[in-house]
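Colleague: I am new to this structure and would love a close look at one part of it. Could you pick a helix pair, walk me through it, and then show me how it sits among the rest of the chain?

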Amino acid sequence: MIIKEIISNPQKFFFENFGLKQTILKNTFWLTLAEIITRFLKFILIVYVARIFGATEYGKFNFALAFVSFFAIFSDLGIPQIFVRDYGNNEKRDEDFYNLFSLRIFLIVITIFLILIIAPLITDDIYIRKIMILLAAFSLFNSFSGTFFTLFQAKQKMEYQAFFQIMSAILTAIFGFFVVFKMPSASNLAHSYLFASLVTAIFILLFFYLRKMPLGFRINKAIWKKYMILSWPLALTGAFLAIWGNVDTMMMGAFGQITQVGWYQAAYKIIGVIFIPASLISASFFPALSLAFKESRERFIKIWNYFLRIMIFLAVLIVIGGLVLSSKMINWLYGSEYFPSILAIRLLLIMAGLSFASLPFSQLFILLNQQKKLFWI
């Protein structure tokens, strides 16, 4: 039936929403396409960066990136997930988006100030501080674009999000490879990331202008307060996840173990690629689960059980396959200089498997409006 629909009218199937299964498949297709292209291009770029820069220069870039990524949660605070969850039952959708937009801008500005104030306390290295500032600006434009991705997700129009994600990845790859082969340095690589994110943000604004889609700036304290109250457990959860994901690299960098950061991040980047299926499946299922939760308990349980089975299967597959092939992966991708990464990737693979299996339960807490319990977990 679905194959018939794709063959008979592919444009309608891939660019319109006309059924639950079709919408999930359409969104999964676009997010999968975007994530595969994005992760592939960035991963190939990073592999070349690691090989050409060497572990020490590569470590400088990743130390700065981990520091900036640690503060990214303050520009988010879990608000986009609450917006997507409540979008379908909200009569004042545009008004809420205007306030979401203005609130995110405010949070982004606060985040940049935090980065600028704390960076000198983390490292005395002026060169690394410069990279941190460049990547902070990169993070700013990424967060700005992410606000519009939230609207695309709420409308279940992931094809728009996919287009801009792919554009950003292509621009990053073009500028990044130019830097790697012509002007190899961590600072210049940070410049290339910044420029790609800026160009992407400009094109998103042009898209909204040309499509005459809702875009405005509102400051309604009641709406801001509503989202802050609902999202604070997610914000604190995100803060702990940011610590969990970045504090290791930040500690090594702060203690001057820059080369070790390069080795560790070489392993971590492979784990990032492995997480692609989890992020794709989760993003595709969440809107459908949210809708089913409000309409039919039986349909919700059916969809959630399907989600859980997929994640457990992937967890087992990735852990076993990764442990067997870990040493070959490091040698093939990075070379003998990065052999100290082998033990790190084996430990991180076990972490990835556990994360895969637990993800459906994390989403369930959000759908049940139990963000506080998720925070304590």
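Modeller: Happy to! Let us begin with Gln363, which has its place in helix H13. Please keep in mind that this is a predicted model. Is Gln363 buried or exposed? With a relative accessibility of 7%, Gln363 counts as buried, because the cut-off for that word is under 20%. Gln363 also has a partner from elsewhere in the chain: its C-alpha atom is 9.7 Å from that of Ser290, although 73 residues separate the two along the chain.

Now for the helix around it. H13 covers residues 341-367, and its axis comes within 8 Å of the axis of helix H12, residues 297-334. The two axes cross at roughly 175 degrees. Since angles over 145 degrees count as roughly antiparallel, H12 is roughly antiparallel to H13. Which residue classes make up the contact between H12 and H13? It has 22 nonpolar residues, six polar ones and one charged one. In general, the angle and the distance between the axes are what describe two packed helices.

Arg346 takes us on to another helix. The C-alpha atoms of Arg346 and Ile271 are 9.9 Å apart in space, with their positions 75 residues apart in sequence. Ile271 belongs to helix H10, which spans residues 258-274. With a relative accessible area of 1%, Ile271 is buried.

From here we can step back towards the start of the chain. Ala50 and Ala266 are 216 residues apart in sequence, yet their C-alpha atoms are 7.5 Å apart. Ala50 is found in helix H3, and its relative accessible area of 0% makes it buried.

Helix H3, residues 20-71, also holds both Lys60 and Glu57. These two residues form a salt bridge, in which the closest N and O atoms are 3.7 Å apart. They are three residues apart, about one turn of the helix. How many salt bridges does the structure hold? The count is one. Both partners count as buried: Lys60 has a relative accessibility of 19%, and Glu57 has 17%.

A further stop is Gly146 in helix H6, residues 126-154. Gly146 counts as buried at 18% relative accessibility. Its C-alpha atom is separated by 9.0 Å from that of Gln161, which is 15 residues away along the chain.

For a contrast, turn to the surface. Ile229, in helix H9 (residues 221-254), counts as partly exposed, with a relative accessibility of 48%. Ile229 helps to make a nonpolar surface patch of about 760 Å². The other members of that patch are Trp232, Leu236, Phe240, Ile243, Val247, Met251 and Phe255.

Finally, here is the setting for everything we have visited. The chain has 14 helices and zero strands, so reading from the N terminus you meet one α element after another. Of its 377 residues, 52% count as buried. If you go back to the pair we began with, look along H12 and H13 and you will find them running roughly antiparallel, with Gln363 buried in H13.

Methods
Residues numbered from 1 in each chain as written. Predicted model: local features only at pLDDT ≥ 70, side-chain atom pairs only at ≥ 80, totals over all residues. Heavy atoms only, no water. Axes fitted to C-alpha atoms, helices over the stretch in contact; angles between N-to-C directions. Helix = DSSP H or I, 4+ residues; strand = E, 2+ residues; numbered from the N terminus. Parallel < 35°, antiparallel > 145°, perpendicular 65-115°, else oblique. Nonpolar A, V, L, I, M, F, W, Y, C, P; charged D, E, K, R; others polar. Patch = residues over 30% accessible without salt bridge, like charges linked within 9 Å, V, L, I, M, F, W, Y side chains within 5 Å. Areas by Shrake-Rupley, 256 points an atom, 1.4 Å probe, with all protein chains shown as cover. Salt bridge = Lys/Arg side-chain N within 4 Å of Asp/Glu carboxyl O. Buried < 20%, exposed > 50% of the residue type's maximum accessible area, 1.4 Å probe, protein only.
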